[in-house]
Amino acid sequence: MVDSSMDSTAGTSNAEQNSSDIVEKTGQMTPTSTYYLNFSFFKVDSKWRWLNEIGKDEAAKEFGNLIEVANTKMKVRTYTTLGIRADADFMLWMISDSIEKMQILTSKIYSTVFGKYVEPSQIYLSSSRPSVYVNKITPGFITAEQPLKYVIVYPFVKSREWYLLPFEQRKKMMEEHIIIGRKFPEIRLNTSYSFGIHDQDFMLAFETNDLVNFQDLIIQLRETQVSRYIVRDTPMIVCVYKDIIDIIKSLGG
(Lines give C-alpha, C1' and ligand atoms only; values in the text may rest on other atoms or scores of the structure.)
Protein backbone atom coordinates (compact mmCIF):
# COMPACT_ATOMS: atom_id res chain seq x y z
CA MET A 1 0.00 0.00 0.00
CA VAL A 2 0.98 3.63 -0.36
CA ASP A 3 1.56 5.14 3.06
CA SER A 4 2.18 8.57 4.49
CA SER A 5 4.99 10.83 3.34
CA MET A 6 8.52 10.51 4.65
CA ASP A 7 9.79 12.49 7.62
CA SER A 8 13.01 14.40 6.91
CA THR A 9 14.47 14.26 10.41
CA ALA A 10 18.08 14.44 11.53
CA GLY A 11 19.89 11.12 11.74
CA THR A 12 18.21 9.54 8.71
CA SER A 13 20.27 7.32 6.44
CA ASN A 14 21.79 8.53 3.18
CA ALA A 15 19.22 6.46 1.31
CA GLU A 16 16.40 8.19 3.16
CA GLN A 17 17.87 11.62 2.50
CA ASN A 18 18.51 10.80 -1.14
CA SER A 19 14.94 9.54 -1.48
CA SER A 20 13.22 12.57 -0.01
CA ASP A 21 12.36 13.92 -3.45
CA ILE A 22 11.05 10.65 -4.95
CA VAL A 23 7.38 11.60 -4.70
CA GLU A 24 4.78 13.49 -2.75
CA LYS A 25 2.20 11.60 -0.75
CA THR A 26 -0.23 9.92 -3.14
CA GLY A 27 -2.73 8.32 -0.78
CA GLN A 28 -4.61 5.09 -1.40
CA MET A 29 -4.83 3.79 -4.96
CA THR A 30 -8.26 3.85 -6.58
CA PRO A 31 -9.54 2.01 -9.70
CA THR A 32 -10.69 5.27 -11.30
CA SER A 33 -7.24 6.90 -11.23
CA THR A 34 -4.51 6.47 -13.81
CA TYR A 35 -1.26 4.80 -12.77
CA TYR A 36 1.95 4.09 -14.61
CA LEU A 37 3.65 0.73 -14.32
CA ASN A 38 7.34 0.15 -14.82
CA PHE A 39 8.83 -3.34 -14.94
CA SER A 40 12.61 -2.87 -14.68
CA PHE A 41 14.86 -5.92 -14.95
CA PHE A 42 18.47 -5.68 -13.84
CA LYS A 43 21.61 -7.72 -14.41
CA VAL A 44 24.28 -7.67 -11.69
CA ASP A 45 27.95 -7.35 -12.62
CA SER A 46 30.03 -10.38 -11.54
CA LYS A 47 32.44 -7.96 -9.84
CA TRP A 48 29.80 -7.59 -7.10
CA ARG A 49 30.67 -11.08 -5.82
CA TRP A 50 34.26 -10.02 -5.20
CA LEU A 51 33.33 -7.16 -2.88
CA ASN A 52 34.20 -7.84 0.79
CA GLU A 53 31.40 -9.19 2.96
CA ILE A 54 31.10 -6.10 5.19
CA GLY A 55 30.89 -3.86 2.15
CA LYS A 56 28.15 -6.04 0.63
CA ASP A 57 26.14 -6.05 3.86
CA GLU A 58 26.28 -2.27 4.14
CA ALA A 59 25.40 -1.86 0.47
CA ALA A 60 22.42 -4.19 0.86
CA LYS A 61 21.13 -2.20 3.83
CA GLU A 62 21.54 1.08 1.94
CA PHE A 63 19.62 -0.28 -1.04
CA GLY A 64 16.97 -1.82 1.21
CA ASN A 65 16.44 1.53 2.95
CA LEU A 66 16.02 3.23 -0.42
CA ILE A 67 13.29 0.77 -1.49
CA GLU A 68 11.60 1.01 1.91
CA VAL A 69 11.39 4.80 1.68
CA ALA A 70 10.21 4.67 -1.93
CA ASN A 71 7.41 2.34 -0.84
CA THR A 72 5.96 5.06 1.36
CA LYS A 73 5.48 7.15 -1.78
CA MET A 74 4.48 4.60 -4.41
CA LYS A 75 4.39 0.84 -4.78
CA VAL A 76 7.71 -0.85 -5.42
CA ARG A 77 7.66 -4.64 -5.47
CA THR A 78 10.90 -6.59 -5.62
CA TYR A 79 11.37 -9.96 -7.33
CA THR A 80 14.24 -12.31 -7.98
CA THR A 81 14.84 -13.90 -11.39
CA LEU A 82 18.10 -15.54 -10.31
CA GLY A 83 18.66 -18.84 -12.10
CA ILE A 84 15.48 -18.33 -14.14
CA ARG A 85 16.71 -15.84 -16.72
CA ALA A 86 20.17 -15.44 -18.23
CA ASP A 87 19.52 -11.77 -18.94
CA ALA A 88 18.30 -10.62 -15.50
CA ASP A 89 18.89 -11.27 -11.80
CA PHE A 90 16.09 -9.22 -10.25
CA MET A 91 13.12 -7.04 -11.14
CA LEU A 92 11.58 -3.92 -9.64
CA TRP A 93 7.88 -3.43 -10.33
CA MET A 94 7.10 0.26 -9.81
CA ILE A 95 3.54 1.60 -9.72
CA SER A 96 3.08 5.36 -9.50
CA ASP A 97 0.99 8.28 -10.68
CA SER A 98 3.84 9.70 -12.76
CA ILE A 99 6.81 8.38 -14.71
CA GLU A 100 9.00 11.17 -13.35
CA LYS A 101 8.82 9.61 -9.89
CA MET A 102 10.07 6.36 -11.36
CA GLN A 103 12.95 8.22 -12.98
CA ILE A 104 13.91 9.79 -9.68
CA LEU A 105 13.92 6.43 -7.93
CA THR A 106 16.03 4.92 -10.72
CA SER A 107 18.49 7.79 -10.42
CA LYS A 108 18.74 7.19 -6.66
CA ILE A 109 19.34 3.49 -7.32
CA TYR A 110 22.40 4.31 -9.41
CA SER A 111 23.73 6.56 -6.64
CA THR A 112 23.92 3.63 -4.19
CA VAL A 113 26.89 1.30 -3.83
CA PHE A 114 24.91 -1.69 -5.09
CA GLY A 115 23.59 0.43 -7.93
CA LYS A 116 27.13 0.79 -9.26
CA TYR A 117 27.10 -2.93 -10.03
CA VAL A 118 23.76 -3.21 -11.86
CA GLU A 119 22.65 -2.58 -15.43
CA PRO A 120 19.08 -2.62 -16.79
CA SER A 121 18.43 -5.49 -19.21
CA GLN A 122 14.72 -4.99 -19.94
CA ILE A 123 12.39 -2.09 -19.13
CA TYR A 124 8.66 -2.10 -19.89
CA LEU A 125 6.33 0.88 -19.41
CA SER A 126 2.53 0.82 -19.33
CA SER A 127 -0.46 2.52 -17.73
CA SER A 128 -3.76 1.52 -16.16
CA ARG A 129 -6.90 1.97 -18.24
CA PRO A 130 -10.47 0.58 -18.01
CA SER A 131 -11.15 -2.39 -20.28
CA VAL A 132 -13.46 -1.72 -23.23
CA TYR A 133 -14.67 -5.32 -23.15
CA VAL A 134 -15.68 -5.90 -19.54
CA ASN A 135 -16.67 -3.70 -16.61
CA LYS A 136 -15.78 -3.92 -12.94
CA ILE A 137 -12.37 -5.55 -13.24
CA THR A 138 -9.93 -4.15 -10.70
CA PRO A 139 -6.26 -4.98 -11.41
CA GLY A 140 -4.57 -6.76 -8.54
CA PHE A 141 -1.89 -4.09 -8.12
CA ILE A 142 -4.52 -1.50 -7.12
CA THR A 143 -5.89 -3.61 -4.25
CA ALA A 144 -4.46 -3.82 -0.76
CA GLU A 145 -3.83 -7.56 -1.10
CA GLN A 146 -0.32 -8.88 -0.57
CA PRO A 147 1.59 -9.98 -3.69
CA LEU A 148 1.42 -13.68 -4.51
CA LYS A 149 4.54 -15.86 -4.66
CA TYR A 150 5.13 -15.51 -8.40
CA VAL A 151 4.45 -12.92 -11.05
CA ILE A 152 4.79 -13.82 -14.73
CA VAL A 153 5.47 -10.68 -16.74
CA TYR A 154 5.32 -10.41 -20.51
CA PRO A 155 4.73 -7.90 -23.31
CA PHE A 156 1.72 -8.58 -25.51
CA VAL A 157 1.21 -7.46 -29.12
CA LYS A 158 -1.88 -8.01 -31.27
CA SER A 159 -2.02 -7.69 -35.04
CA ARG A 160 -3.41 -4.64 -36.83
CA GLU A 161 -6.05 -6.96 -38.29
CA TRP A 162 -7.46 -7.38 -34.78
CA TYR A 163 -8.08 -3.67 -34.39
CA LEU A 164 -9.76 -3.47 -37.80
CA LEU A 165 -12.38 -6.05 -36.84
CA PRO A 166 -15.83 -4.73 -35.83
CA PHE A 167 -16.00 -4.05 -32.10
CA GLU A 168 -18.82 -6.54 -31.48
CA GLN A 169 -16.80 -9.30 -33.12
CA ARG A 170 -13.80 -8.51 -30.97
CA LYS A 171 -15.98 -8.34 -27.86
CA LYS A 172 -17.44 -11.78 -28.57
CA MET A 173 -13.98 -13.31 -28.88
CA MET A 174 -12.82 -11.57 -25.73
CA GLU A 175 -15.80 -12.98 -23.83
CA GLU A 176 -14.48 -16.47 -24.60
CA HIS A 177 -11.11 -15.34 -23.28
CA ILE A 178 -12.66 -13.93 -20.08
CA ILE A 179 -14.72 -17.07 -19.41
CA ILE A 180 -11.56 -19.16 -19.39
CA GLY A 181 -9.85 -16.70 -17.07
CA ARG A 182 -12.70 -17.03 -14.59
CA LYS A 183 -11.98 -20.73 -14.27
CA PHE A 184 -8.80 -19.73 -12.45
CA PRO A 185 -9.94 -17.30 -9.72
CA GLU A 186 -6.79 -17.99 -7.71
CA ILE A 187 -4.69 -16.36 -10.44
CA ARG A 188 -4.54 -12.59 -10.19
CA LEU A 189 -4.47 -10.63 -13.44
CA ASN A 190 -2.78 -7.25 -13.89
CA THR A 191 -3.42 -5.96 -17.40
CA SER A 192 -1.94 -2.60 -18.32
CA TYR A 193 -1.74 -0.67 -21.57
CA SER A 194 1.42 0.32 -23.44
CA PHE A 195 0.24 1.33 -26.91
CA GLY A 196 1.42 4.87 -27.61
CA ILE A 197 3.92 5.03 -24.75
CA HIS A 198 6.05 1.90 -25.29
CA ASP A 199 6.83 -0.76 -27.89
CA GLN A 200 4.15 -3.34 -27.03
CA ASP A 201 0.35 -3.05 -26.95
CA PHE A 202 -0.09 -4.34 -23.40
CA MET A 203 1.90 -5.51 -20.42
CA LEU A 204 0.51 -8.58 -18.69
CA ALA A 205 1.46 -9.57 -15.16
CA PHE A 206 -0.19 -12.70 -13.78
CA GLU A 207 0.25 -13.37 -10.05
CA THR A 208 0.00 -16.94 -8.81
CA ASN A 209 1.16 -19.29 -6.07
CA ASP A 210 1.23 -22.25 -8.49
CA LEU A 211 3.17 -22.07 -11.75
CA VAL A 212 1.64 -25.27 -13.15
CA ASN A 213 -1.81 -23.81 -12.60
CA PHE A 214 -0.71 -20.76 -14.58
CA GLN A 215 0.53 -23.03 -17.35
CA ASP A 216 -2.91 -24.65 -17.49
CA LEU A 217 -4.48 -21.21 -17.93
CA ILE A 218 -2.11 -20.25 -20.75
CA ILE A 219 -2.66 -23.55 -22.57
CA GLN A 220 -6.39 -22.95 -22.56
CA LEU A 221 -6.06 -19.31 -23.59
CA ARG A 222 -3.91 -20.26 -26.57
CA GLU A 223 -6.77 -22.39 -27.88
CA THR A 224 -9.13 -19.41 -28.12
CA GLN A 225 -10.04 -17.42 -31.22
CA VAL A 226 -8.18 -14.38 -29.89
CA SER A 227 -4.89 -16.27 -30.18
CA ARG A 228 -5.18 -16.00 -33.99
CA TYR A 229 -4.40 -12.31 -33.64
CA ILE A 230 -1.44 -12.50 -31.24
CA VAL A 231 1.79 -11.34 -32.83
CA ARG A 232 4.04 -11.61 -29.79
CA ASP A 233 3.75 -12.63 -26.14
CA THR A 234 7.41 -13.11 -25.25
CA PRO A 235 9.68 -12.87 -23.36
CA MET A 236 7.58 -14.53 -20.67
CA ILE A 237 9.48 -13.87 -17.45
CA VAL A 238 8.83 -15.74 -14.21
CA CYS A 239 9.68 -13.65 -11.13
CA VAL A 240 9.68 -14.74 -7.48
CA TYR A 241 8.50 -12.22 -4.88
CA LYS A 242 11.22 -11.63 -2.30
CA ASP A 243 12.58 -8.96 0.04
CA ILE A 244 15.24 -6.87 -1.69
CA ILE A 245 17.90 -7.50 0.96
CA ASP A 246 17.39 -11.27 0.61
CA ILE A 247 17.64 -10.85 -3.16
CA ILE A 248 20.96 -9.02 -2.86
CA LYS A 249 22.33 -11.61 -0.43
CA SER A 250 21.43 -14.37 -2.90
CA LEU A 251 23.69 -12.72 -5.47
CA GLY A 252 26.84 -13.68 -3.60
CA GLY A 253 26.48 -11.73 -0.35
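In this predicted model, the largest nonpolar core takes in 23 residues, and Phe-90, Leu-105 and Phe-114 are the ones with the most contacts inside it. Several elements feed two or more residues into this core: strands S1 (36-44) and S3 (90-96), along with helices H2, H3 (99-110) and H7. H2 chips in the most, with six residues.

Phe-90 is worth a closer look. Setting aside its neighbours within four places in sequence, Phe-90 is in contact with a run of S1 positions, namely Ser-40, Phe-41, Phe-42 and Val-44. Its other contacts on that count are Tyr-79, Thr-80, Thr-81, Phe-114, Val-118, Ile-244 and Ile-247. Phe-114, then, turns up both as a contact of Phe-90 and among the residues with the most contacts inside the core. Apart from this core lies another one, made up of 18 residues, including Met-91, Val-153, Ala-205 and Ile-237.

Now for the open space. The second largest pocket has a volume of about 380 Å³. Its lining comes to 19 residues, and Asn-71, Val-76, Arg-77, Pro-147 and Tyr-241 lie nearest its centre. Helix H2 (53-70), strand S2 (75-80) and helix H7 (244-249) are the elements that give two or more residues to this lining. S2 gives the most, with four residues. As for chemistry, the lining of this pocket is a mix of eight nonpolar, five polar and six charged residues.

H2 and H7 thus show up in both places: each gives two or more residues to the largest nonpolar core, and each does so for the lining of the second largest pocket.

Definitions and conventions
Residues numbered from 1 in each chain as written. Predicted model: local features only at pLDDT ≥ 70, side-chain atom pairs only at ≥ 80, totals over all residues. Heavy atoms only, no water. 1 Å grid on protein atoms, 1.4 Å probe; cavity = no way out; pocket = protein on both sides within 12 Å on 5 of 7 lines; lining within 4 Å. Points joined across faces, edges and corners; volume = space filled by probe spheres on them. Nonpolar A, V, L, I, M, F, W, Y, C, P; charged D, E, K, R; others polar. Core = buried A, V, L, I, M, F, W, Y, C linked by side-chain atoms within 4.5 Å. Buried < 20%, exposed > 50% of the residue type's maximum accessible area, 1.4 Å probe, protein only. Contact = heavy atoms within 4.5 Å.
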